[in-house]
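Subject: Handing over a structure, with notes

Hello,

I am passing on to you the structure that I have been going through, and I would be glad if you kept it open while you read my notes.

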Amino acid sequence: MIGFYDYTVILTYISMISATTGIMLCLNDIGHPYLGMFFLMLCGLCDAFDGKVARTKKSRTEQMKKFGIQIDSLSDLAAFGILPACIGIAMLRSSIEYLTFPDFRFLHLADKSTIIKIVLTIIAVLYALAAMVRLAYFNVLEEERQETETGVRKTYTGLPVTSSALVFPTILLIHIFCSADLTILYFIFLAIVGSLFVSDIQVKKPTTKNILIMISIGLIEAIALAFVFIVMKK
């Protein structure tokens with residue numbers, strides 16, 4: 001059987017499974033953007049540690065290292081490129097009807113014009129394209145860097161795609177606690193974040209402390225949404 005299946009790649013495989021599950025849930029029937037968001041945050045959690053776990057194995061061959069780089073990018077494209085776009089499409093297909101918070105339910109959304117739906121769909125598609133370009137460009141630069149440098153990189157060119165695991169859950173959380181349709185806002189951020197993916201801005205690589213802070217924020221968001229949907233809805 002081709003491929004590698006040791007502990008160094010398990011988090012990347014989990015991330016891919018999580019991303020695929022989230023995509024399917026978002027595109028199923030009426031769409032479930034908030035369930036998709038949970039899987040997006042799980043992908044972010046896996047990505048935060050997959051590199052560190054892989055580097056603990058000192059006996060990795062060059063083939064194993066290159067394989068890890070390839071599957072990491074492919075998984076990131078699904079998790080942080082396709083899944084956020086699908087969450088947006090799910091929001092476009094469904095809406096929330098509020099009575100008194102937290103008494104709400106999902107409804108099919110039919111009040112947006114066809115032109116608006118087409119424009120927003122194009123934004124989602126271009127966002128996914130930008131994520132792919134960002135990942136491919138990073139791979140090229142990283143391969144060149146490793147030929148001349150040792151150790152890990154200090155900065156990134158362009159916004160890392162993993163940032164979507166914090167940006168979009170925040171918008172969805174606001175959407176739950178705000179009795180207004182924030183679908184348009186979500187797509188505006190898709191356009192902004194997608195543009196930053198392919199920009200030439202320099203972003204400092206987060207330290208372990210920064211990563212732990214971002215994970216804590218993600219956990220707080222996940223707990224808040226779980227509380228709304230599981231506890232308060234009962």
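What follows is a description of the structure, going from the whole chain to single residues. Please keep in mind throughout that this is a predicted model.

**The chain as a whole**

The protein chain has seven helices and four strands, and if you follow it from the N terminus you will meet these elements in the order α-α-α-β-β-α-β-α-α-β-α. Of its 234 residues, 41% count as buried. Among the contacts with a separation of 6 or more, 80% are between residues that lie 24 or more positions apart.

**Salt bridges**

Side chains of opposite charge can pair when their charged atoms come close. A search of the whole structure turns up two salt bridges. One of them joins Asp 6 to Lys 57, with 2.8 Å between the closest N and O atoms, and this pair links distant parts of the chain, since Asp 6 sits in the segment before helix H1 (10-27) while Lys 57 sits in the loop between H2 and H3, 51 residues apart. Lys 57 has a relative accessibility of 24%, so this residue counts as partly exposed.

In the other salt bridge Glu 62 pairs with Lys 65, and here the closest N and O atoms are 3.7 Å apart. These two residues both belong to helix H3, and because they are three residues apart there, about one helical turn separates them. Glu 62 is exposed, with a relative accessible area of 51%, whereas Lys 65, at 35% relative accessibility, counts as partly exposed.

**Arg 60, in a loop**

Arg 60 belongs to the loop that runs between helix H2 (33-55) and helix H3 (62-93). Its relative accessibility is 19%, and Arg 60 therefore counts as buried, the cut-off being under 20%. Leaving aside residues up to four places away in sequence, Arg 60 touches Thr 8, Ala 54, Arg 55 and Lys 65. Thr 8 is 52 residues from Arg 60 along the chain, and the C-alpha atoms of the two are separated by 9.2 Å. As for Ala 54, its backbone oxygen lies 3.3 Å from a polar atom of the Arg 60 side chain.

**Glu 221, a charged residue without a partner**

Helix H7 (residues 208-232) is where you will find Glu 221. This residue is buried and yet has no salt bridge. Why does Glu 221 have no salt bridge? The nearest side chain of opposite charge, that of Lys 52, is 19 Å away, and a salt bridge needs the nitrogen and oxygen atoms to be within 4 Å, so the two cannot be counted as a pair. Not counting residues up to four places away in sequence, Glu 221 touches Met 41, Leu 166, Pro 169, Thr 170 and Leu 173.

**Aromatic rings**

The count of aromatic pairs comes to seven. In one of them, Tyr 5 and Tyr 13 have ring centres 6.0 Å apart and planes at 45°, so that the pair is tilted. Tyr 13 is partly exposed, with a relative accessible area of 24%.

Phe 168 and Tyr 186 form another tilted pair, because their planes also meet at 45°, while their ring centres are 5.0 Å apart. Since Phe 168 lies in helix H5 (residues 164-177) and Tyr 186 in helix H6 (residues 183-197), this pair ties together parts that are 18 residues apart in sequence. Both Phe 168 and Tyr 186 are buried. Ring pairs also link these two residues with Tyr 127, Phe 187 and Phe 197 into a cluster.

**Cysteines**

A disulfide is a covalent bond between the sulfur atoms of two cysteines. How many disulfides does the structure hold? The number is zero. Cys 26 is in no disulfide, and the nearest cysteine sulfur, which belongs to Cys 86, is 6.2 Å away. With a relative accessibility of 0%, Cys 26 counts as buried. The sulfur of Cys 46 has its closest cysteine sulfur in Cys 43, but the distance is 6.6 Å, which is too far for a bond. Cys 46 is buried as well, with a relative accessible area of 6%.

With best wishes

Definitions and conventions. Residues are numbered from 1 along each chain as its sequence is written. This is a predicted model: local features need pLDDT of at least 70, side-chain atom pairs count only at pLDDT 80 or more; totals for chains, interfaces and linings use all residues. Side-chain values use heavy atoms; hydrogens and water are left out. Buried means under 20% relative accessible area, exposed over 50%, partly exposed in between (1.4 Å probe, protein chains only). Contact means heavy atoms within 4.5 Å. A polar contact is a pair of N or O atoms within 3.5 Å; within protein, one must be able to donate a hydrogen and the other to accept it, and residues adjacent in sequence count only if both atoms are side-chain atoms. Rings of Phe, Tyr and Trp (its six-membered ring) pair if their centres lie within 6.5 Å; planes under 30 degrees apart count as stacked, over 60 as edge-to-face and the rest as tilted. Lys and Arg count as positive and Asp and Glu as negative; His and the chain ends are not counted. A disulfide is a pair of cysteine sulfur atoms within 2.5 Å.
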